Amino acid sequence: MTLSIEAKLRRVLSDVLGLKPGQADAFDADTGLFGHLPELDSMAVAGLLTELEDRFDIVIDEDEIDGEMLESFGSLLAFVKAKREAA
Amino acid sequence: MTPTTYPCPLPGGSISDEYALAFDQGRTTRILIVPALLDEANKLRRFTVEVMRRLDGAGYDCFLPDLPGCNESLQDLSLIEPEDWATAMHAAARHFRATRVLAIRGGGLVLPPALPGWHYAPVKGASLLRTLLRARILSAREAGREESAETLIAYGLENGIELAGYRLSGEMLRQLQTLAPVPRPGLSVIDQDAIEGAPLWLRAEPDHDPAQADALAAAISMSLAP
């Protein structure tokens, strides 16, 4: 079974935040990420982005990374979906 | 488990005693552990030692030497390059009379020559570097400064650079950009998929997962079984 982009993104966030299975299911489009979750510091976000590149087979340019993209689960999901469509 | 040291050759020709953890009962199989690099070393330190405890329990000696400039080492990291780490691991392998090697993540980029063994969750030097650069760019941005990867690399190659608290030399940057795991006979790759569970090097806070330590130690024990 191929996981949807959304399910895969929840999985990556779970891995980074050390969430238990199912806990990331509660994330909705408005769930705040960078700047909202204290454990999501710059090192963790950097690791997250590198992992997204590997798991989604995309390349993220540094100038694409901004506060808005990392602001919420919804905005990060929209970014990854757009990247996958362009890939 | 006992703390010990090994004689580590340094750039410039001197030798320092660097720290190592050892489970040594003079058994036949002696496994040298090459630790993960830089930030990942912190995230994976406990996991690495937990794997060693299990290997010890399974009847294998194992040794975890510090890379010069990392962990307890007093060497100046900004004077070290990856080749020095490989030289250090070669010296440690000889000192501890290792018969096998287990490299963790980026540790596979600085292997001692010839030893058979395993490489857990290989990673390219360029990926490690990209993550460190991003962390720096993100924290600069939070502080209201704009930095770009190209500018940082160009500056770093010339002058060295501090990334995520690690002072890296220009030569370190240059080599990390191109270092990649090289398949070699006798060295089996153990991917994270085979271990299952969330990769601990990704975790925002260093964490532990006994099931993953069990799985890696079991994979190694099984491949050593006669």
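In the predicted model, helices α1(A) and α4(A) cross in the right-handed sense. Helix α1 spans residues 5–17 of chain A and helix α4 spans residues 73–86 of chain A, and their axes come within 10 Å at a crossing angle of roughly 125°. Because angles of 65 to 115 degrees count as roughly perpendicular and those over 145 as roughly antiparallel, α1(A) and α4(A) are described as oblique to each other. On the α1(A) side the contact is made by A:I5, A:E6, A:L9, A:R10 and A:L13, and on the α4(A) side by A:F73, A:L76, A:L77, A:V80, A:K81 and A:R84. By class, seven of these residues are nonpolar and four are charged, with no polar residue in the contact of α1(A) with α4(A).

A helix pair in chain B was examined in the same terms. The axes of α3(B) (residues 125–142) and α4(B) (residues 149–159) come within 10 Å and cross at roughly 115°, and the two helices are therefore roughly perpendicular to each other. The crossing of α3(B) with α4(B) is right-handed. Helix α3(B) contributes B:L133, B:R136 and B:I137 to the contact, while α4(B) contributes B:A149, B:L152 and B:I153. The contact of α3(B) with α4(B) comprises five nonpolar residues and one charged residue, and no polar ones.

Chain B also contains an open sheet of seven strands with mixed pairing, in the order β1-β2-β4-β3-β5-β6-β9. Strands β1 and β9 (187–190) of chain B lie at the edges; each has a single partner strand, so one side of each is left without a neighbour in the sheet. Neighbouring strands of this sheet are turned against each other by 25° on average, direction ignored.

At the β1 edge, β1(B) (residues 2–9) and β2(B) (residues 15–23) pair in the antiparallel sense over eight bridges. These two strands form a hairpin with five residues between them, and B:G12 in the turn has a positive phi of about 100°. On its other side, β2(B) runs antiparallel to β4(B) (residues 61–65), to which four bridges join it. The position of B:A20 in β2(B) illustrates this arrangement: B:A20 is the bridge partner of B:T4 and also stands opposite B:P65 in β4(B). Elsewhere in the sheet, β5(B) (residues 100–104) and β6(B) (residues 117–120) pair in the parallel sense over four bridges. Within this pair, B:L102 of β5(B) has B:W118 of β6(B) as its bridge partner.

Helices of chain B pack on this sheet. Helix α2(B) (residues 82–95) lies across β1, β3 (30–34) and β4 of chain B and runs at about 125° to β1(B). Helix α7(B) (residues 210–224) touches β3, β5, β6 and β9 of chain B, and its direction makes about 155° with that of β6(B).

The two chains meet in a contact that takes 22 residues from chain A and 22 residues from chain B. The area buried between chain A and chain B is about 1900 Å², and carbon and sulfur atoms give 60% of it. In chain A, the residues that lose the most area to chain B are A:D15, A:M43 and A:E62, which together account for 33% of what that side buries.

Technical notes:
Residues numbered from 1 in each chain as written. Chains lettered and ligands numbered in written order. Predicted model: local features only at pLDDT ≥ 70, side-chain atom pairs only at ≥ 80, totals over all residues. Heavy atoms only, no water. Pairing = 2+ DSSP bridges. Axes fitted to C-alpha atoms, helices over the stretch in contact; angles between N-to-C directions. Parallel < 35°, antiparallel > 145°, perpendicular 65-115°, else oblique. Left-handed = near helix turned anticlockwise from the far one by under 90°. Contact = heavy atoms within 4.5 Å. Nonpolar A, V, L, I, M, F, W, Y, C, P; charged D, E, K, R; others polar. Buried area = accessible area lost by both parts, 1.4 Å probe.
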